[in-house]
Structures are given as structure tokens and as C-alpha cells.
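Visitor: Please choose one residue in this model and take me through its surroundings closely. I would like to follow its contacts outward until they join up with the rest of the fold.

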Amino acid sequence: MVVDRQRVERLTRELLEAIGEDPERPGLKQTPTRMAELYSEFFGGVGQDAAEPLSRTISVSRGPAPETLPSGAVLLRDIRFRSVCEHHLLPFAGHAHIAYLPGEQVVGLGALVRVVEILAARPQVQERLGEQLADTIAEHLDTRGVLVVLDAVHGCVTMRGGRQPEASTLTVSARGVYTEPVARAELIALIGGRSAGSAQ
């Protein structure tokens with residue numbers, strides 16, 4: 001689904017009026033247009049197929065001799081992401097760390113980044129985002145295990161309510177062999193820093 005920019009502009013004008021502002025004053029006149037552009041970017045993942053970037057895989061066994069299967073995990077750390085919390089429509093942003101234990105096929109690393117971008121570009125909650133990432137990778141890649149760790153700062157925590165500017169939220173989603181704590185311990189350690197300490 002493509003964001004209806006004209007409708008967003010119209011509703012933004014109504015919102016400004018609803019809070020007692022004048023949408024025609026110089027500082028606000030372009031705000032409806034800016035909001036339409038912003039929402040097109042923030043919610044561009046609505047209706048997109050998050051699995052599509054994983055459709056082009058690479059064989060790791062067929063190539064220069066000797067033929068072999070991977071024995072260890074593929075870990076992509078520190079993928080920056082931002083999303084919008086569906087509860088208050090405030091942003092949350094942080095880092096995603098994705099690991100999977102491949103079978104005969106792997107995927108280009110940029111495809112994993114794209115999956116994060118698609119799933120984050122819609123109204124979300126962090127807990128669901130991590131589970132959706134894990135499910136998408138587990139279901140559409142040749143993998144024996146998947147681990148997704150998200151570490152994010154939420155506007156609804158830092159800007160409203162308790163207003164805790166230093167608080168971050170860590171979630172862990174695991175599939176396959178990584179549902180066992182011992183199996184994922186090495187990966188958690190490799191992710192390192194605050195995430196590693198918090199996830200254990």
C-alpha cells in the first residue's frame with residue numbers, strides 16, 4: 001500500500017487546528033507537506049513483502065574446491081534501524097544484530113538489512129519486530145537456527161511518562177538451534193557491550 005499523501009496533508013492540517021494552532025501561519029504552512037513526506041518514508045514498509053530480499057541466495061558448497069558446508073554462524077551486527085511505535089506514533093531507534101546458522105545456501109548481507117528496513121517501516125512494537133525478523137529469516141532461508149537481538153531507545157519512554165532518557169529496551173528472538181541458551185551464548189558474547197550483558 002502506498003501512503004496517501006494528500007490525505008496525510010489534510011489530516012495534519014486538522015490536527016494542527018485541533019491543538020489550537022493556525023496551519024496557515026508561516027512556521028506551519030509547509031508542515032502538512034513535510035508530514036506527508038515523512039510518513040511516506042516511515043511507513044513505506046506497510047504491505048511490502050519482507051521475504052522478497054531473501055529470494056536470491058548463494059550456494060556455499062558449489063564453488064572453488066574443496067566443497068564444504070558452513071559450520072559456523074553468519075552474524076551481522078549493528079544494523080541501524082528506526083521505526084514508529086504503534087501505541088503513540090513516536091519513534092524508536094537502535095541496532096539490530098542478526099545471526100543465522102546456514103545450510104547449503106546463504107544470502108547477501110545487504111538482503112538482511114533490507115528485511116530489517118521493510119519490517120521496521122510500519123507501525124510496530126519492538127517485541128513483534130524481533131519475532132517477525134526471526135520468522136522471516138527462518139522460513140525463507142536455508143537455516144538451522146536464527147537469532148535476532150534488538151537494542152533500541154523509545155520516544156514513548158524518553159519523551160513522555162517517566163521520561164527516562166538513558167533507558168533502552170533489549171529483545172531476543174530465537175529459532176531452531178538458537179532456542180537453546182547454550183547454543184546462542186557465543187553469539188550473545190560476540191554481539192558484545194551492553195547487549196551481551198543485558199541478554200544474558
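Guide: Setting aside neighbours up to four places away in sequence, Leu-129 is in contact with Phe-81, Phe-92, Leu-119, Ala-120, Gln-124 and Leu-150, where contact means heavy atoms within 4.5 Å. The model is a predicted one, in which local features need pLDDT of at least 70 and side-chain atom pairs count only at pLDDT 80 or more, while totals for chains, interfaces and linings use all residues. Residues are numbered from 1 along each chain as its sequence is written, and side-chain values use heavy atoms, with hydrogens and water left out.

Leu-129 belongs to helix H4 (residues 126-140); helices here are DSSP runs of H or I with at least four residues, strands are runs of E with at least two, and both are numbered from the N terminus. With a relative accessibility of 0%, Leu-129 counts as buried, a word that stands for under 20% relative accessible area, with exposed meaning over 50% and partly exposed the range in between, for a 1.4 Å probe and protein chains only.

Two of the residues that Leu-129 touches, Phe-81 and Phe-92, are themselves buried. The structure holds two aromatic pairs, taken as rings of Phe, Tyr and Trp (its six-membered ring) with centres within 6.5 Å, and called stacked for planes under 30 degrees apart, edge-to-face for over 60 and tilted for the rest. One of these pairs joins Tyr-39 and Phe-43 edge-to-face, at 5.1 Å centre to centre and with 85° between the planes. The other is made by Phe-81 and Phe-92, again edge-to-face, with 6.2 Å between the ring centres and 80° between the planes. Since Phe-81 sits in strand S2 (residues 74-85) and Phe-92 in strand S3 (residues 91-102), this pair ties together parts that are eleven residues apart in sequence.

The backbone around that second pair also deserves attention. Most residues other than glycine have a negative phi, yet Asp-78, which lies in S2, has a positive phi near 60°. Leu-89, placed in the loop between S2 and S3, likewise has a positive phi, of about 55°, although it is not a glycine. Asp-78 is partly exposed at 47% relative accessibility, and Leu-89 is partly exposed at 44%.

Leu-119 and Ala-120, also among the contacts of Leu-129, lead to the packing of two helices. Helix H3 (residues 109-120) packs against H4 at an angle of about 135°, with the axes 10 Å apart; the axes are lines fitted to C-alpha atoms over the stretch in contact, and the angles run from 0 to 180 degrees between N-to-C directions. That angle makes H3 oblique to H4, given that under 35 degrees counts as roughly parallel, over 145 as roughly antiparallel, 65 to 115 as roughly perpendicular and the rest as oblique. The crossing of H3 and H4 is right-handed, meaning that the near helix is turned clockwise from the far one by less than a right angle, whereas an anticlockwise turn would be left-handed. At this interface Leu-112, Val-115, Val-116, Leu-119 and Ala-120 of H3 meet Leu-129, Gln-132, Leu-133, Thr-136 and Ile-137 of H4. Val-115 lies 14 residues from Leu-129 along the chain, and the C-alpha atoms of these two residues are 11 Å apart.

H4 also takes part in a second set of contacts, for Ser-173, located in strand S7 (residues 169-176), touches Gly-130, Glu-131, Ala-134, Val-146, Leu-147 and Val-148, leaving out residues up to four places away in sequence. A polar atom of the Ser-173 side chain lies 3.5 Å from the backbone oxygen of Gly-130, and Ser-173 is buried, with a relative accessible area of 2%.

As for the whole protein, its secondary structure comes to seven helices and seven strands, following the pattern α-α-β-β-β-β-α-β-α-β-α-β-α-α along the sequence. Of its 200 residues, 40% count as buried, and among contacts with a separation of 6 or more, 69% link residues 24 or more positions apart. The C-alpha trace spans about 70 × 35 × 20 Å along its principal axes.

Definitions and conventions:
Polar contact = N/O pair within 3.5 Å; in protein donor to acceptor, adjacent residues only side chain to side chain.
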